[in-house]
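Reader: Could you walk me through the empty space and the helix packing here? I'd be glad to take it one question at a time.

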Amino acid sequence: MSSTSNPSAPLRRRLGFRDATAIGLGSMLGAGVFVAFAPAAAAAGAWLLLGLLVAALVASANAISTAQLAARNPRSGGAYVFGRERLGPWPGFVAGWAFVAGKVASCAAMALAAASYLVPEWLVKPLATTVVVLLTAVNLAGITRTAAVTRVLLGIVLAILALVVTAGAVALGASGFSFGAADAPAEAVGPSAVLGSAGVLFFAFAGYARVATLGEEVREPERTIPRAVIASLLSALVVYAVVGGVALAVLGPSRLAGSTAPLVDVVTASGWSWCVPLVRAGAAVAALGALLALIAGIGRTAFAMAREGDLPRSLAVVRARTGVPHRAEVAAGLGVILLVWTVDLGFAIVLSSFSVLVYYLVADLAAFTQPSHERLAPRVVQVFGVVGCAVLAVTLPWQAIVLGGCVLAAGLLVRAAVLVRRRGR
């Protein structure tokens, strides 16, 4: 054993309730609050908030399943570990592979989005690469550094969002709360449109899984993980409802649907143009906060998969000084950089969308098998989560389903080939 690295060693429990909640909330806000409302409004128009409620209900079912599993098995890897233990190696691998593939794509998208708010187009990819390198370095310094930086970034984002809400509320008050109302579409919106909106907004809630993927580093996990998961999810719902409601009221459904920077347009329409640089900076900071937590989560899941032999075992090494699976973290960072330079934003988003739903579907199925003394809620919650994930998945564009299916199939084929090779030795 090296003096600096310990193969397959357990990770250290350093995160408390506040740290875990901040990581979950920071991941969710960075994933959606600055970008998700426009495509959701395009799908559901004035019924956007109903789509938000549907997404929150499905996310809540998944959150309960995740917390229930993580409280009983607080190890790195999230649904990969849960699926493997409760359902078997193959379902576990599907969850782990879906998480790694989807979240590497998400990281690439967030790095590109953060850079695009700050620099001209020709500098976006170099800056995105630099950002990934720096945030990977922060993660390599230890999980407490990750949590500390996430708390700072989260505080900045919440302050910016409060500024946006204040600007919109002042404008609405001055106009008698009719600002943007004339922009509302006349046509009725059907259930499929609301579900399409929920499908978009669901991914804005996906960050609470970061608490579970870091479960091996949480203190008093049986108590801390469920509280942190629920607290971060409810906090995100309140923030999304307030911000989304203000954006819808100020801009109206049609203008919101066509916006490329909805919250920038809110402060501009409200007459607070001096806030635009702050909002753009806030969007970049939100993406960076989510990216920081995501890279940590990918590294921990890759570490867990390597520990079981589903990824190269060389990734299952923990640096003794920091307690970080450093090889898995570096591999995650390199994967994100590769996608930054080889794919566009649309590719990254659809791959991530499909993969996240597959990941949570496995988590719900695993939680369904738990005995009564391990449960936080009745099994009907998991049934709702499975159905919800499946329904939202079919609202995605068919290209997303085909692309995500191909990525999952490739992972399964590679695992099958590795197993055949091992048996032949």
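Reader: How much space lies in the largest cavity?
Author: Happy to help, and please keep in mind that this is a predicted model. The structure holds 1 cavity of 30 Å³ or more. The space in the largest cavity comes to about 50 Å³.

Reader: Which residues lie nearest the centre of the largest cavity?
Author: Good one to check on your screen. The lining has 11 residues, and α1 (17-32), α7 (143-174) and α13 (276-307) each supply at least two of them. Nearest the centre are G26, L153, L154, V157 and G289.

Reader: How many nonpolar, polar and charged residues does the lining of the largest cavity have?
Author: Let's sort the lining by class, where Gly counts as polar. The lining is made up of 11 residues. By class there are 7 nonpolar, 4 polar and no charged residues.

Reader: Thanks! Is α12 roughly parallel or antiparallel to α13?
Author: Start with the axes: those of α12 (residues 262-269) and α13 come within 9 Å and cross at roughly 165 degrees. Angles over 145 degrees count as roughly antiparallel, so α12 is, relative to α13, roughly antiparallel.

Reader: Which residues in α13 meet α12, and is the crossing left-handed or right-handed?
Author: On the α12 side, the residues are L263, V264, V267 and T268. Their partners in α13 are V276, V279 and R280. By class, this contact has 5 nonpolar, 1 polar and 1 charged residues. As for the hand of the crossing of α12 and α13, it is right-handed.

Reader: How are α3 and α16 set to each other?
Author: The axes of α3 (residues 48-72) and α16 (residues 380-394) come within 8 Å and cross at roughly 130 degrees. The crossing of α3 and α16 is left-handed. An angle of roughly 130 degrees therefore makes the two helices oblique.

Reader: Lastly, how many charged residues are in the contact of α3 with α16?
Author: From α3 come L57, V58, A61, N62, I64, S65 and Q68, which meet V381, Q382, F384, G385, G388, C389 and L392 in α16. These divide into 8 nonpolar and 6 polar residues, and the number of charged ones is none.

Technical notes: Residues are numbered from 1 along each chain as its sequence is written. This is a predicted model: local features need pLDDT of at least 70, side-chain atom pairs count only at pLDDT 80 or more; totals for chains, interfaces and linings use all residues. Side-chain values use heavy atoms; hydrogens and water are left out. On a 1 Å grid over the protein atoms alone, a cavity is a set of points where a 1.4 Å probe fits but cannot get out, and a pocket is an open set with protein on both sides within 12 Å along at least five of seven lines; lining residues have an atom within 4 Å of a point. Grid points are joined across faces, edges and corners, and a volume is the space filled by probe spheres set on the points. Helices (H or I, at least four residues) and strands (E, at least two) are DSSP runs, numbered from the N terminus. Axes are lines fitted to C-alpha atoms, for helices over the stretch in contact, and angles run from 0 to 180 degrees between N-to-C directions. Angles under 35 degrees count as roughly parallel, over 145 as roughly antiparallel, 65 to 115 as roughly perpendicular and the rest as oblique. A crossing is left-handed if the near helix is turned anticlockwise from the far one by less than a right angle, and right-handed if clockwise. Contact means heavy atoms within 4.5 Å.
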